[in-house]
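Student: Please pick a single part of this structure and go through it closely. I would like to see how that part connects to what lies around it.

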Amino acid sequence: MAELNIGMVQMCCEKGALEENLAAIKSHLKDAARQNIDIICFPEGSITGYVDPARYPEAVLSLESPAVARFVEMTSEYPITALAGIIEANPAGKPFITQIVAEQGTLQGFYRKRVIPDDEAHLFAPGSDAAVFSHPKVTFGLAICADIDAQAVFADCARNGAQLVFEAAAPGLYGEQATRDWQAGYDWWRGGCMTKLARYAREEHIYIAVATQAGRTRDEDFPGGGYLFGPDGCCLAESTDWSEGVLSVQVALSV
């Protein structure tokens, strides 16, 4: 058995606030290193914020951008594989929503969100391929937010050898911010994870770990929530509420 320590980060990622978000990410990496975390997953849009690319063009980044380079360089300081989110520039059209993977100061690869909701189809282009990565202790795949509605995303990862899939999310909450019912928002996203991801984990015989944006940004709120589902579909660990924080879990994997 291999003992894998993973961390799922619930954090507020202000829109377009690259410096602020990178500083928070570095702080989490430093704390995770102290806890001997092997892989840490930050939410969707964790570097750039979850932005409308027309309103925040400065937050649409290429994979070669200085902000991405700074994130990648951080992993040379800590013995951790880190997964973080950007809005990625697409020379051929609308931007992608992308999760990047870095370790030992090297960009290992990326995954582009495959499921774009209808109400955002005018903003973002869908990715087309599954992404699976090798870590000394585990083979893992990636999914992003609305991919929760497509079991095929998780099945493709499993078919390509993933034992664990990280779901990095930033599901915006509907309704007025001034009258926000945080518990209702948290319960809504938790319910979707418990219903859909638990089933995918069981049917694809994989672990699924969730890291969600949490809290209030300048024009949108996010529900938070960290979860780990086992191959039997049971929820093995979860955060207690919508607050910022990190869900750290040790997983015993068959090798």
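## The second largest pocket and its surroundings

Tutor: The second largest pocket holds about 160 Å³ of space. The model is a predicted one, and everything below refers to that prediction. Ten names make up the lining, and they come from several places along the chain: Asp38, then Thr75, Tyr78, Pro79, Ile80 and Thr81, then Glu103 and Gln104, and last His135 and Pro136. Sorted by class, that lining has four nonpolar, four polar and two charged residues.

Start with Gln104. Gln104 sits in the loop between S5 and S6. The residue counts as exposed because its relative accessibility is 69%, and the cut-off for exposed is over 50%. Its backbone also stands out: phi is positive, about 50°, although Gln104 is not a glycine.

Now take Pro79 and Ile80, which are part of the pocket lining. Leaving aside neighbours within four places in sequence, both are in contact with Ile37. Ile37 lies in the loop between H1 and strand S2 (39-41). Its other contacts of this kind are Asn5, Ile6, Gly7, Ala32 and Ser248. Is Ile37 buried or exposed? With 6% relative accessibility, Ile37 counts as buried, because the cut-off is under 20%. Among these contacts is Ile6, a name that returns with the nonpolar cores. Position in sequence says little by itself about position in space, and Ile37 gives a figure to go with this: Ile37 and Ser65 are 28 residues apart in sequence and 27 Å apart in space, C-alpha to C-alpha.

Next comes helix H2, residues 66-74. Its buried residues are Ala67, Val68, Phe71, Val72 and Met74. Viewed down the axis of H2, these buried residues fall within an arc of 155°, so they line one face of the helix. The general reason such a pattern can arise is that an α-helix has 3.6 residues a turn, so residues three or four places apart point the same way. The elements that cover the buried residues of H2 include helix H1 (18-34), strand S3 (60-61), strand S4 (81-88), S5 and strand S6 (106-112).

S5 deserves a stop of its own. Phe96 is in this strand, which runs over residues 96-103. Phe96 is buried, because its relative accessible area is 11% and the cut-off is under 20%. Beyond neighbours within four places in sequence, Phe96 is in contact with Ile86, Ile87, Glu88, Asn90, Arg112, Ala125, Pro126 and Gly127. Phe96 and Val132 are 36 residues apart in sequence and 18 Å apart in space, C-alpha to C-alpha.

The buried nonpolar residues can also be grouped into cores. The largest nonpolar core has 59 residues, and those touching the most other members are Ile6, Phe140, Phe154, Leu164, Phe166, Leu197 and Leu228. H4 contributes the most to this core, with seven residues. There is a second, separate core of 26 residues, which includes Leu29, Ile47, Leu63 and Met74. Met74 was named above as one of the buried residues of H2.

Back in the largest core, Phe154 is one of the buried residues of H3, along with Gln151, Val153, Ala155, Asp156 and Cys157. Past its neighbours within four places in sequence, Phe154 is in contact with residues including Ala143, Val165, Leu197, Tyr200 and Ile208. The buried residues of H3 are covered by elements that include S6, strand S7 (132-135), S8, strand S9 (164-169), H4 and strand S10 (207-212). After H3 comes Gly161, whose phi is positive, near 100°.

On the other side of H3, in the loop between strand S8 (138-144) and helix H3 (151-159), is Cys145. Like Gln104, Cys145 has a positive phi without being a glycine, here about 40°. Gln104 is exposed, whereas Cys145 is buried, with a relative accessible area of 8%.

For reference, the largest pocket holds about 720 Å³. Its lining has 31 residues, and those closest to its centre are Glu120, Pro171, Gly172, Tyr174 and Glu220. Helix H4 (residues 182-204) supplies the largest share of that lining, four residues. By class, the lining has 15 nonpolar, four polar and 12 charged residues.

Terms used
Residues are numbered from 1 along each chain as its sequence is written. This is a predicted model: local features need pLDDT of at least 70, side-chain atom pairs count only at pLDDT 80 or more; totals for chains, interfaces and linings use all residues. Side-chain values use heavy atoms; hydrogens and water are left out. On a 1 Å grid over the protein atoms alone, a cavity is a set of points where a 1.4 Å probe fits but cannot get out, and a pocket is an open set with protein on both sides within 12 Å along at least five of seven lines; lining residues have an atom within 4 Å of a point. Grid points are joined across faces, edges and corners, and a volume is the space filled by probe spheres set on the points. Helices (H or I, at least four residues) and strands (E, at least two) are DSSP runs, numbered from the N terminus. Ala, Val, Leu, Ile, Met, Phe, Trp, Tyr, Cys and Pro count as nonpolar, Asp, Glu, Lys and Arg as charged, and the others, Gly among them, as polar. Buried means under 20% relative accessible area, exposed over 50%, partly exposed in between (1.4 Å probe, protein chains only). Contact means heavy atoms within 4.5 Å. A nonpolar core is a set of buried Ala, Val, Leu, Ile, Met, Phe, Trp, Tyr and Cys residues joined through side-chain atoms within 4.5 Å. The arc is that of the directions from the helix axis to the C-beta atoms.
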